[in-house]
Amino acid sequence: MKGDLDAASVAGFSGDIPGLIGDLRSDHAGETGAVAIYQGILAVSRDPAVRHFALAHLATEREHLAQLGALLPPGQRSILLPIWHVAGWLTGALPALVGPRAVYATIDAVETFVDHHYEEQVRKLPDHGPGGALRTLLIACQADEVEHRDEARAAGTPTTGLLTQAWKWLVGTGSALAVMAARRV
Ligand SMILES: [Fe+2]
Ligand SMILES: [Fe+2]
């Protein structure tokens, strides 16, 4: 872990930043879902390019999950983690049943959401001290998510199909609802 950033230091400055523990709970829940998305894709897809893409992203998401898990004691994690796992798995597996284009459109939608989610938190954190170390970590995660989004965008074909638009809307709305819930429980 970077510098003096750990669960104890987060507990120490969390009182200075309103909603910080809830935010971290939603990050940890989100990274749990992200790992499951790529596991869902890998459970279904036989496309070599999709599998290569998903394996690389899965490794990054596992790292994010471990880094956030180190900041949040088990008692402060979302009690709905099994639900975030299943929802994430389906978010990867269902488009993988349809095909590579659907997978890339889904990842584009998910990572666009996560980019904004991290951006919101980065703005709340100071640029020095333990809060600054957390800010640095979240900026690094955010940069990975933006890379994932851009890779998906480059690999996919732009589609304006109604079904794809509806699915992307569902993924974005579902993610927003999941964050709201995970911030609380
Ligand atoms: Fe991530
Ligand atoms: Fe990601």
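## A first look

What is the handedness of the crossing of α2 and α4? The crossing is right-handed, and we will come back to this pair below. Please keep in mind that the model you see is predicted.

Let us start with the whole chain. Its secondary structure amounts to seven helices and zero strands, so reading from the N terminus you meet α-α-α-α-α-α-α. The radius of gyration is 16 Å, close to the 16 Å that the globule rule gives for 185 residues, so the chain is as compact as a globular protein of that length. Measuring sticks aside, the C-alpha trace spans about 45 × 30 × 25 Å along its principal axes.Two further values describe how the chain is put together. Buried residues make up 39% of the 185 residues. Among the contacts with a separation of 6 or more, 82% are between residues 24 or more positions apart.

## Helices α2 and α4

Two packed helices are described by the angle between their axes and the distance between the axes. Helix α2 covers residues 20–44 and helix α4 covers residues 81–98. Their axes come within 6 Å and cross at roughly 35°, and the crossing is right-handed.

Many residues take part in this contact, and you can look for them on both helices. On the α2 side they include Ala29, Thr32, Gly33, Ala36, Ile37, Gly40 and Val44. On the α4 side they include Leu81, Trp84, Ala87, Gly88, Thr91, Gly92 and Leu97. Sorted by class, the residues of the contact are 16 nonpolar, eight polar and no charged.

## Helices α2 and α5

Helix α2 also meets helix α5, which covers residues 100–124. Here the axes come within 12 Å and cross at roughly 165°. An angle over 145 degrees counts as roughly antiparallel, and α2 and α5 are therefore roughly antiparallel to each other. The crossing of α2 with α5 is left-handed.

Which residues of α2 meet α5? They are Asp23, Gly30, Ile37 and Ile41, and their partners in α5 are Val103, Val110, Val114, His117 and Gln121. This contact has five nonpolar, three polar and one charged residues. Ile37 and Ile41 of α2 are also listed in the contact with α4.

## Helices α4 and α7

Helix α4 has a contact with helix α7 (residues 162–184) as well. The axes of α4 and α7 come within 12 Å and cross at roughly 165°, and the two helices are therefore roughly antiparallel to each other. α4 passes α7 in a left-handed crossing.

From α4, the contact is made by Trp84, Ala87 and Thr91. From α7, it is made by Val171, Gly174, Ala178 and Ala182. By class, these are five nonpolar, two polar and no charged residues. Trp84, Ala87 and Thr91 also appear in the contact of α4 with α2.

## A residue to visit: Leu65

To finish, pick out Leu65, which sits in helix α3 (residues 48–69). Is Leu65 buried or partly exposed? Leu65 has 19 C-beta neighbours inside 10 Å, so it counts as partly exposed; a buried residue would need 20 or more.

Apart from its neighbours within four places in sequence, Leu65 is in contact with Glu31, Thr32 and Val35. Thr32 is also one of the α2 residues that meet α4. Gln121, which takes part in the contact of α5 with α2, is 56 residues from Leu65 in sequence and 17 Å from it in space, C-alpha to C-alpha.

Terms used:
Residues numbered from 1 in each chain as written. Chains lettered and ligands numbered in written order. Predicted model: local features only at pLDDT ≥ 70, side-chain atom pairs only at ≥ 80, totals over all residues. Axes fitted to C-alpha atoms, helices over the stretch in contact; angles between N-to-C directions. Helix = DSSP H or I, 4+ residues; strand = E, 2+ residues; numbered from the N terminus. Left-handed = near helix turned anticlockwise from the far one by under 90°. Contact = placed C-beta atoms within 7 Å. Nonpolar A, V, L, I, M, F, W, Y, C, P; charged D, E, K, R; others polar. Buried ≥ 20, exposed ≤ 12 C-beta atoms within 10 Å, placed from the backbone. Rg over C-alpha atoms; globule rule 2.2 N^0.38 Å. Parallel < 35°, antiparallel > 145°, perpendicular 65-115°, else oblique.
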